[in-house]
Amino acid sequence: YGTLPSRRALKNSRLVSQKDDVHLCIMCLRAIMNYQYGFNLVMSHPHAVNEIALSLNNKNPRMKALVLELLAAVCLVRGGHEIILAAFDNFKEVCKEKHRFERLMEYFRNEDSSIDFMVACMQFINIVVHSVEDMNFRVHLQYEFTKLGLEEFLQKSRHTESEKLQVQIQAYLDNVFDVGGLLEDAETKNVALEKVEELEEHLSHLTEKLLDLENENMMRVAELEKQLLQREKELEVVKVCWGGWYHGDRDSGTGTRDREGVQAPGCRDCNPQGPQHRDGVAQGMVTPGSGGSGWAQDVSPWPGGAELAPTPLAAIRIKKPIKTKFRLPVFNWTALKPNQISGTVFSELDDERVLEDLDLERFEELFKTKAQGPALDLVCAKSKAAQKVATKVTLLEANRAKNLAITLRKAGRGADEICRAIHTFDLATLPVDFVECLMRFLPTEAEAKALRQYERERKPLEELADEDRFMLQFSKVERLPQRMAIMAFLGNFTENVQMLTPVRSW
C-alpha cells in the first residue's frame with residue numbers, strides 16, 4: 001500500500017501527459033502542414049483550425065508561439081483570413097470571452113518574459129489586421145485590437161531590447177490608419193476644392209472682363225486708325241496745294257497778298273481765304289521775299305506758339321543716282337525727304353569723293369544678290385565649307401536638327417553645362433524660356449534608338465554633327481521628361497500663382 005502512488009500524484013501525471021500530448025499534436029500538425037497535400041487536408045477539415053486555435057488556451061508560451069505561427073500561415077493563403085476569424089469566433093464562444101481576441105491580448109500583455117511568444121503574437125496581429133485590402137474592414141479590425149488596449153501597450157513596449165519585436169511593433173504602427181487624420185485631410189480637401197471652384201469662377205469673370213476690354217480697345221484702335229487715315233489724306237491735299245502755290249509763285253510771281261504783305265496761294269481745295277488750313281492746323285507759312293535773295297516769313301504762330309523756321313529748299317543739291325552693274329541688297333530703311341536732310345550727315349557727305357576711294361566693281365562683286373550668282377572670291381570658301389559639312393554624320397531629321405542648332409546657339413551654353421543644370425534643376429543657368437524651347441526637342445524613341453545603335457557600334461563620335469552629339473548626351477539624362485517638366489513648373493510657379501490670386505478691387 002505504501003508503494004502505490006497517491007491520487008494527487010496520478011492526477012498531476014495525467015495533466016503533464018495531457019499537456020505533452022497537445023504539444024506533440026501541434027508539432028505533428030506543423031510537420032504535416034509543411035507539405036501542400038497535408039496543408040490542404042488541414043484547411044479542408046471542418047474542425048482542424050478551430051482546434052488549433054483552442055490550443056492557445058495553454059500555459060506553455062513556446063507552444064502558444066508555435067500555434068500562432070501555424071495560424072499566421074493559414075491566414076496568408078487564399079480564403080485563410082475568413083477561416084482564422086471564424087476560428088477565433090469559435091474560441092470566443094468556447095472560452096466565454098466578451099470580445100474576440102480578448103484572451104490572446106491578455107496573454108500578450110502578461111507573457112513579457114517570453115520574447116518568442118511576443119514576436120509570434122505581434123506578427124500574427126500584423127497579418128490579421130493588415131493583410132485585408134478593404135480599408136473599412138482594416139479599420140474595423142484595427143479598432144477591435146485598439147479597444148483591447150493594443151496601441152497603448154505597444155507605445156510602452158517600443159523601446160524593448162528585442163530587435164525582432166521592435167520590427168513587428170514598428171510595422172504595425174507604420175500601417176495604422178489614422179482615421180482622425182484622414183477625416184481632417186478630407187475636410188481640408190473639400191475646403192481646397194471649394195476655394196478652387198471660387199477661384200475658377202473669379203477667373204472666368206476676369207476673363208470675360210478682359211475680353212470686353214480687348215473688344216473695346218480694338219474698336220477704339222479701329223476708330224483712331226480711321227481718323228489717322230483721314231488726316232493723312234487731308235495732309236496730302238495740303239501738301240499738293242501748297243506745293244503748287246510755292247512753285248507757281250516762284251515761277252510767275254502770281255498770287256495774292258494778305259494784310260501783312262505775304263502772298264497767299266488762293267487754293268480752293270484748302271481755304272479760299274489764304275494759307276490758313278481749313279481745320280486750323282497751320283496759320284503761317286514761309287515765302288520768298290521781294291527783296292534780293294533773302295527770305296520773308298509770316299510771324300503768325302503755329303499752334304502752341306511755335307514758329308515755322310525758314311528752310312532754304314533752293315540750297316538742297318539733288319544728287320544723281322548711282323547705277324551699278326549688279327543688283328545689290330537694299331537696306332530696310334525709309335529715305336529722308338529733302339527738307340529733312342539739313343543737319344544730318346547726308347547733307348555734308350560727298351558721294352563722288354567716296355566713290356573715288358571705293359573700288360565699286362570689287363564692292364559689287366562681293367555684295368551682289370544671290371540671284372546674280374555667287375561672289376567670285378567666296379566660291380572656294382563655300383565649296384570647302386560644304387565639303388566639311390558633308391563629312392559630318394547626322395541621324396536627326398534635317399529641319400529638326402536645324403531648329404535645335406538655332407535653339408542651342410541662342411542659349412550660348414555647352415551640352416555638359418546644359419545637362420548638368422538639368423540634373424540640379426538650375427534655373428539660373430537655364431532660364432525657363434529656354435527650358436520650354438528645349439522641351440520641344442526631347443529625344444523621340446526612334447532618335448534615341450538610332451543614337452544608341454551608333455554608339456553601340458563604336459563609331460567615332462567626332463564624326464557626328466554637333467546637334468547629334470548634343471542629342472546623344474541629352475538623351476542620357478535620367479528621367480529627362482520629368483526633370484524638364486519640373487523645371488518648367490518651378491519656373492512658371494510664381495507667375496501661375498499671381499494669375500490665380502484674386503485681384504483686390506478698391
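Where is the place of F425? In this predicted model, F425 sits in the loop that runs between α16 (415–423) and α17 (432–438). Its phi is near 55°, a positive value in a residue other than glycine. Most residues other than glycine have a negative phi. With a relative accessible area of 32%, F425 is partly exposed. K96 also has a positive phi, near 60°, and is likewise a residue other than glycine. K96 belongs to the loop between α5 and α6, and its relative accessible area of 72% makes it exposed.

Turning to the overall picture, the secondary structure of the protein comprises 20 helices and four strands. Of the 506 residues in the protein, 27% are buried. Among contacts with a separation of 6 or more, 61% are between residues 24 or more positions apart. The protein exposes about 36300 Å², and carbon and sulfur atoms supply 55% of that area.

Helix α9 (residues 150–157) offers a helpful view of how one helix is placed. Its buried residues are L150, F153, L154 and S157. Seen down the axis of α9, these buried residues fall within an arc of 100°, so they line one face of the helix. The face of α9 turned away from its buried side carries E152 and K156, both exposed. The cover over the buried residues of α9 includes α6 (102–110), α7 (115–130), α8 (135–147) and α10 (163–175).

A search of the whole structure for salt bridges finds nine. In one of them, the side chains of R100 and D89 meet at 3.1 Å, N to O. R100 lies in the loop between α5 (80–94) and α6, while D89 lies in helix α5, so this salt bridge ties together parts that are eleven residues apart in sequence. How do the two partners stand with respect to burial? R100 has 13% relative accessibility and therefore counts as buried, whereas D89, with a relative accessible area of 34%, is partly exposed.

Another salt bridge is formed by R400 and E447, whose closest N and O atoms are 2.6 Å apart. This pair links distant parts of the chain, with R400 in helix α15 (residues 398–411) and E447 in helix α18 (residues 445–456), 47 residues apart. Both R400 and E447 are buried.

A salt bridge within a single helix is found in α19 (residues 466–475), where D466 and R469 lie three residues apart, about one turn of the helix. Their side chains meet at 2.6 Å, N to O. R469 has 32% relative accessibility, and therefore counts as partly exposed. Salt bridges that share partners also join D89, R100 and E144 into one network.

On the surface, which residues make the nonpolar patch of about 740 Å²? The patch is made by F331, W333, L336, V345, F346, L349 and V354. One of these, L349, is found in the loop between β4 (295–297) and α12 (351–357). L349 counts as partly exposed because its relative accessibility is 35%.

The loop between β4 and α12 also holds K325, which is exposed at 69% relative accessibility. K325 and E365 are 40 residues apart in sequence, yet 9.2 Å separates their C-alpha atoms in space. A further pair is formed by E361 and T324, which are 37 residues apart along the chain and have C-alpha atoms separated by 8.5 Å. E361 has its place in helix α13 (residues 360–367) and counts as exposed, with 66% relative accessibility.

Finally, a record can be set beside the model. In an unreviewed entry, UniProt places the feature "coiled-coil region" at residues 189–216. In the predicted model, the chain over residues 189–216 is 100% helix and 0% strand. The C-alpha atoms at the ends of residues 189–216 are 40 Å apart.

Conventions: Residues are numbered from 1 along each chain as its sequence is written. This is a predicted model: local features need pLDDT of at least 70, side-chain atom pairs count only at pLDDT 80 or more; totals for chains, interfaces and linings use all residues. Side-chain values use heavy atoms; hydrogens and water are left out. Patches are made of residues with over 30% relative accessible area and no salt bridge: like charges are joined within 9 Å, nonpolar side chains (Val, Leu, Ile, Met, Phe, Trp, Tyr) within 5 Å. Accessible areas come from the Shrake-Rupley method with a 1.4 Å probe; for residues, only the protein chains shown count as cover. A salt bridge is a side-chain nitrogen of Lys or Arg within 4 Å of a carboxyl oxygen of Asp or Glu. Helices (H or I, at least four residues) and strands (E, at least two) are DSSP runs, numbered from the N terminus. Buried means under 20% relative accessible area, exposed over 50%, partly exposed in between (1.4 Å probe, protein chains only). UniProt positions are given in the numbering used here, feature names are shortened, and annotations may be inferred rather than shown by experiment. The arc is that of the directions from the helix axis to the C-beta atoms. Contact means heavy atoms within 4.5 Å.
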